[in-house]
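Please find below a colleague's note on the structure under review. The points are numbered for ease of reply.

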Amino acid sequence: MRSLFFLPPPKNKVVVIKLKSGNNGANNSFGGNYMKILMVGDIVGRPGRKAAADLLPLIIQEHGVDFVIANGENAAGGRGINREITDEFLRQGIEVITMGNHVWDNREILSFIDQEPRLLRPANYPDDCPGQGYNIFHGPAGRRIAVINVSGRVFLANLDCPFRTVDYILKRIENQADIVLVDFHAEATSEKQAMGWYLDGRVTAVFGTHTHVQTADEIILPAGTAYITDVGMTGPWHSILGVKTSQVIKRFLTQRPGPFEIAAGPIQLNAVLLELDDTTLKPVSISRIMHRVEA
Ligand SMILES: [Fe+2]
Ligand SMILES: [Fe+2]
């Protein structure tokens with residue numbers, strides 16, 4: 001069992017944690033001829049955008065990443081996303097942006113989500129909501145990559161059943177996608193694990209998002225689906241889920257609402273690297289990536 005300890009990092013150094021999974025005996029290539037997909041955890045505010053701008057090109061180059069997805073639900077000051085930031089992400093090489101419970105926080109999204117197929121919101125919102133919850137994208141070598149964004153219901157809004165929503169989508173895209181990636185944006189670990197096992201063998205990967213803390217349970221499930229409960233958060237490292245620690249502590253102590261502002265200081269990028277066999281397009285490894293930069 002590997003364990004790497006990097007806390008606290010030296011000043012002005014990029015700290016990289018790369019943990020290779022056991023993966024039920026599958027090989028982890030790192031540098032082999034595999035298709036590589038990067039899923040970036042919730043990008044939070046200006047610090048998260050800086051982390052993405054500074055670190056994504058390095059990660060893409062280092063691992064030879066072929067396709068990048070990022071959760072952008074907190075990209076605009078922690079609350080939603082706007083056109084400018086969407087364009088910024090797409091320019092940086094993020095092919096698909098997924099969202100979550102904060103999708104409607106910045107109302108500007110209403111003006112462009114219907115015209116931007118690379119921006120997804122949870123598919124299980126009511127039918128008359130704008131935007132789309134899944135799409136199929138043309139990846140490298142003509143691979144058809146379906147990305148599905150869906151939200152959990154435990155401790156979150158009472159949306160349509162996420163399990164049946166994915167069933168419905170899988171039926172609709174049958175034979176139309178070579179790779180199927182699911183961003184399951186959910187709070188409860190149990191709901192996320194249930195989704196992973198429910199979809200095992202039916203999709204390529206289930207990436208959990210929303211809790212902003214990277215979990216150490218990445219695995220390739222018995223029927224071949226890669227899974228992690230939470231990819232983590234890209235944003236201020238010295239924070240509580242991206243927010244100034246003093247403000248969150250005050251809320252707990254006083255039980256009163258107060259300002260929630262994005263924290264400053266050191267930044268981090270959390271992501272997961274998925275490697276697929278070039279022929280079968282089945283996952284051969286899933287690895288956590290955590291870059292932390294002392295400001
Ligand atoms: Fe988030
Ligand atoms: Fe969220």
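The points below address the basis of the model, its confidence, its overall make-up and two helices.

1. This is a predicted model, in which local features need pLDDT of at least 70, side-chain atom pairs count only at pLDDT 80 or more, and totals for chains, interfaces and linings use all residues. Residues are numbered from 1 along each chain as its sequence is written, and chains are lettered from A and ligands numbered from 1 in the order in which they are written.

2. The average pLDDT (the predictor's confidence in each residue, from 0 to 100) is 91 for the chain, and 89% of the residues score at least 70. Over residues 1-31, however, the pLDDT is below 50.

3. The chain holds 5 helices and 14 strands, taken as DSSP runs (helices H or I, at least four residues; strands E, at least two) and numbered from the N terminus. Of its 295 residues, 45% are buried, that is, 20 or more other C-beta atoms, placed from the backbone, lie within 10 Å of the residue's own (exposed: 12 or fewer; partly exposed: in between).

4. In α3, Pro162, Thr165, Val166 and Ile169 are buried. They fall within an arc of 95 degrees seen down the helix axis, so they line one face; the arc is that of the directions from the axis to the C-beta atoms. Arg164 and Lys171, on the other side of α3, are exposed.

5. Helix α4 (residues 189-199) buries Glu191, Lys192, Met195, Gly196 and Leu199. Their arc is 140 degrees, so these residues too line one face of the helix. After α4 comes Gly201, with a positive phi near 90 degrees.

Note on methods:
Contact = placed C-beta atoms within 7 Å.
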